[in-house]
Amino acid sequence: MSKGKVLLVGAGPGDASLITVKGLLAIREAQVIVHDRLVNLELISQAPPHCQIINVGKTSNHHPVPQEQINQILVEHALAGKNVVRLKGGDPYVFGRGGEEAEALAHEEIPFEIIPGISSAIGGLAYAGIPVTHRHYASSFHVVTGHMCQGNEPQNWDVLAQLDGTLIVLMGMTRQEEICQRLIDGGKSPDTPAAAVMYASQQRQEIAKGTLTTLKDEIVRKKLHAPALLVIGHVVNLSDVLAFTARQIDISHEPLLQVI
């Protein structure tokens, strides 16, 4: 039996219509879909009727399907000759463990392809009216994780505090207060604008804005919770002007999936 192929597909930041055309076509041709928890279910509905759907989603500190087992699921179905789509939120290679999964496939000499997606670190913030760069405010942006792999060195927040660009923290919501304090301790002004964005790019999107010292209170007031994006920098102040979703523009475009 010939080997199948695995497509590691980025589903985008949340709004189903933000997936790439190539990613959508891959879903429609899949025999097996292995998906994360945060993937929009509208995308799953585009799978063929007899496609096998496998949910391997994780929550913070709760991984019912360990990464090694996910790797093995991909390998086993590909070895059975199946066309497998590994559907991941955002982009497969931006803190999505896509690199680990691709390594496992390469080790078994299984054909695979990466179909990039829009990272929530960029697209999710754009929907909140926060451009990660701006000629007058930030000439660079830096994306870091707030949750390091066990055994790895922790983030050096003192160094990150000295950067002038926009700082974006993924998977850091549960440590938001600690992260903001570490940045202040590292020398960043307590008045630096900061925001948290939950359900980025979706109709239920919520944003809390403040400074490094006040963000925690705004998060509590607006009842935000993980998973959410954290962003620190003066570009946060542009959200009142640039947040097109706040002007009651309908950001639900699922019918577009029927057109492509």
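Strand β8 (residues 193-198) and strand β10 (residues 228-232) are joined by 5 bridges and run antiparallel. Strands and helices here are DSSP runs numbered from the N terminus, with at least two residues (E) for a strand and at least four (H or I) for a helix. Two strands are said to pair if DSSP finds at least two bridges between them. Within this pair, Met 198 stands opposite Ala 228 in β10.

Before I continue, a word on the material. What you see is a predicted model, in which local features need pLDDT of at least 70 and side-chain atom pairs count only at pLDDT 80 or more, while totals for chains, interfaces and linings use all residues. Residues are numbered from 1 along each chain as its sequence is written, and side-chain values use heavy atoms, with hydrogens and water left out.

The two strands I began with belong to an open sheet of 5 strands, in the order β6-β7-β10-β8-β9, with mixed pairing. Its edge strands are β6 (141-145) and β9 (206-211), each of which pairs on one side only. From one strand to the next, the twist averages 20 degrees. Helix α8 packs on this sheet and touches β8, β9 and β10, its direction making about 155 degrees with that of β9. Contact here means heavy atoms within 4.5 Å. Axes are lines fitted to C-alpha atoms, for helices over the stretch in contact, and angles run from 0 to 180 degrees between N-to-C directions.

Which helix does α8 meet through Leu 215, Lys 216 and Ile 219? The partner is α7, which contributes Gln 176, Glu 177 and Cys 180. By class, this contact has 3 nonpolar, 1 polar and 2 charged residues. For these classes, Ala, Val, Leu, Ile, Met, Phe, Trp, Tyr, Cys and Pro count as nonpolar, Asp, Glu, Lys and Arg as charged, and the others, Gly among them, as polar. The axes of α7 (residues 176-185) and α8 (residues 215-222) come within 9 Å and cross at roughly 160 degrees. The two helices are therefore roughly antiparallel. The terms are as follows: under 35 degrees is roughly parallel, over 145 roughly antiparallel, 65 to 115 roughly perpendicular, and the rest oblique.

I turn now to the other sheet. This open sheet also has 5 strands, and its order is β3-β2-β4-β1-β5, with parallel pairing. Strands β3 (52-55) and β5 (112-115) stand at the edges with a single partner strand each, so one side of each is left without a neighbour in the sheet. Direction ignored, neighbouring strands are turned by 15 degrees against each other on average.

Let us take the pairs of this sheet in turn. Strand β1 (residues 5-10) is joined to strand β4 (residues 83-88) by 6 bridges, and the two run parallel. Val 6 has Val 84 in β4 as its bridge partner, and Leu 7 stands opposite Val 85. Strand β2 is linked to β4 by 4 bridges, again in parallel. There, the bridge partner of Ile 33 is Val 85. Strand β4 is mostly covered, with 5 of its 6 residues buried. Buried means under 20% relative accessible area, exposed over 50%, and partly exposed in between, with a 1.4 Å probe and protein chains only.

Strand β2 also pairs with β3 in the parallel sense, over 4 bridges. Both faces of β2 are covered: Val 32 and Val 34 on one side, and Ile 33 and His 35 on the other, are all buried.

Why does His 35 count as buried? The reason is that its relative accessibility is 6%. His 35 is found in β2 (residues 32-35) and stands opposite Asn 55 in β3. Leaving aside neighbours within four places in sequence, His 35 is in contact with several residues, including Ile 44, Val 56, Arg 86 and Leu 87.

Finally, the helices beside this sheet. Helix α3 (residues 67-79) lies across β1, β2, β3 and β4, running at about 155 degrees to β4. Helix α3 also packs with helix α4 (residues 98-107) at an angle of about 45 degrees, the axes being 9 Å apart. That angle makes α3 oblique to α4. In this contact, Gln 67, Ile 70, Asn 71, Leu 74 and Val 75 of α3 meet Glu 100, Glu 101, Ala 104 and Leu 105 of α4. These residues divide into 5 nonpolar, 2 polar and 2 charged.
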